[in-house]
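User: I'm new to this one and would like a close look at a single part, the surroundings of the ligand. Could you walk me through that, with a little on the chain around it?

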Amino acid sequence: MNAPLPAEVLKQHLIDPEICIRCNTCEETCPIKAITHDSNNYVVDPDICNGCMACVPPCPTGAIDNWRLMVRAEAYGVQEQLGWEELPGEKALPETTAALPADDAPAATDLAAPAPFSAPGATVPPWSAAHPYVNLYTHKTPMTATVVGNYRVTGADTESDIHHIVLDFGELPFPVLEGQSIGILPPGLDAQGRPHHARQYSLASPRDGERAGYNNLSLTVKRVTEDHAGAAAHGVCSNYLCDLAKNDKVQVIGPFGHTFLMPNHPRANLIMICTGTGSAPMRAMTERYRRRIDTGENGRLLLFFGARTERELPYFGPLMKLPRDFIDINLALSRETGQPKRYVQDLIRERAASVRELLADRNTCIYVCGLKGMEVGVLDALHDVTVQGGQDWSILHDALRREGRLHFETY
Ligand code: NAP
């Protein structure tokens, strides 16, 4: 009698629905469209996924990094995963897979080696970054924060209704670092009768609190009233947050993020490139530097900040009061009456000499945050200033990624 053929083993890639904050990063990152979602879950199609790992580093929560050894024919299908509330446990493999012991089963990383740098930015933090806490509070165990401040940081007569919102955690721990984000669980149900999924916001305050020494943090939130195509749309979470009153309670999860972190060593320089509310992490990092201005440890700060007009640029007043020898501010205004349309990438080219000088210093880290569309423009501008200086951008770009010195957070 012939022995049964060993069953084919698959290291199945799964997303943990209890930790996933449904931010869509994995679906956007997957180069072969193996990730899909419905109103309940984000899931990986076992028939498409090749384990390339491109989606793993950008995931803010680590929910993406779950694997189960399965007989391929019994792999969890897309429909089944969409209905999950939690991940299933490990299953024992049948005897017939003995010819392929678990330890020798194909690791996801073996299935297809990832391109060395498929993402535009680094997937590791700068070498001197502080170690972040992540996922302390989840959908099932959210933290309740209290609103202690909520005010508008754009001109009252403008369309851009952007709020600075301060949340306090009282006596409960919520340790954060600049560049990290949190999730907000808006109350109520979506059109399918399910609780709204979490929305992610970057911290606008430094690690020691919006007010130094207090257990609080701040967010920069734009009230969403239209979609990217300009059609009317009601942003569930942004409207909820912008309408909060002092002493209201908010359900918070997180913190998230382990790569978009600032360097911690003396004389580290920061090039910060942002649009609109993408200024939140830049405010956090700038404030971290401002609070230690007297230590003499700060490196240089070079900021490129894009907004439609001065009055629509969040934090315009306080930003312009910062000393010029502390931060080099470059504002790109795209719709200011009587001025030509400028984007941050135009200013990067105009300031090529300063950008090149900082890029040549291995103590410089670059942070890009804001609209997705700026990513390509910023990379092109960095390419151009480097090449004009007689250098090879692809070599520098690889070094910046390998050394955790170029970071993107765009939506
Ligand atoms: P916005 O007002 O729509 O745009 C800001 C500026 O960017 C405008 O001057 C705009 O010019 C310009 N811009 C448009 N396309 C560009 C491109 N391809 N390259 C360079 N500049 C471009 O910005 P927003 O509504 O505040 O949006 C900010 C983005 O940041 C959102 O996508 C948000 O999700 C994201 N974000 C927010 C947070 C947060 O914590 N709140 C954190 C991270 C990221 P035009 O005149 O052409 O429009």
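Analyst: Here is a walk through the ligand's surroundings, followed by the chain as a whole. Keep in mind that this is a predicted model.

Let's start with who sits around the ligand. There are 22 residues around it, and the ones that come nearest are Thr220, Lys222, Ser334, Arg335 and Tyr343. By type, the shell splits into 11 polar residues, 7 nonpolar ones and 4 charged ones.

Now for some individual atom pairs. Tyr343, already named among the nearest residues, has a polar side-chain atom 2.5 Å from an oxygen atom of the ligand. Backbone atoms take part too: a polar one from Gly373 is 3.1 Å from a nitrogen atom of the ligand, and a backbone N or O atom of Tyr411 lies 2.9 Å from a ligand oxygen atom. As for cover, the ligand on its own has 940 Å² of accessible area, and the protein covers 84% of that. The elements giving two or more residues to this shell are the strands β8 (199–202), β9 (216–222), β12 (301–307) and β14 (364–370).

Stepping back, the chain has 15 strands and 10 helices in total. Its radius of gyration is 23 Å, close to the 22 Å that the globule rule gives for 411 residues, so the chain is as compact as a globular protein of that length. Of those 411 residues, 51% count as buried. And if you take contacts between residues at least 6 apart in sequence, 73% join residues at least 24 apart.

Methods: Residues are numbered from 1 along each chain as its sequence is written. This is a predicted model: local features need pLDDT of at least 70, side-chain atom pairs count only at pLDDT 80 or more; totals for chains, interfaces and linings use all residues. Side-chain values use heavy atoms; hydrogens and water are left out. A residue is near a molecule or strand if one of its heavy atoms lies within 4 Å of it. A polar contact is a pair of N or O atoms within 3.5 Å; within protein, one must be able to donate a hydrogen and the other to accept it, and residues adjacent in sequence count only if both atoms are side-chain atoms. Accessible areas come from the Shrake-Rupley method with a 1.4 Å probe; for residues, only the protein chains shown count as cover. Helices (H or I, at least four residues) and strands (E, at least two) are DSSP runs, numbered from the N terminus. Ala, Val, Leu, Ile, Met, Phe, Trp, Tyr, Cys and Pro count as nonpolar, Asp, Glu, Lys and Arg as charged, and the others, Gly among them, as polar. The radius of gyration is taken over C-alpha atoms; the globule rule is 2.2 Å times the number of residues to the power 0.38. Buried means under 20% relative accessible area, exposed over 50%, partly exposed in between (1.4 Å probe, protein chains only). Contact means heavy atoms within 4.5 Å.
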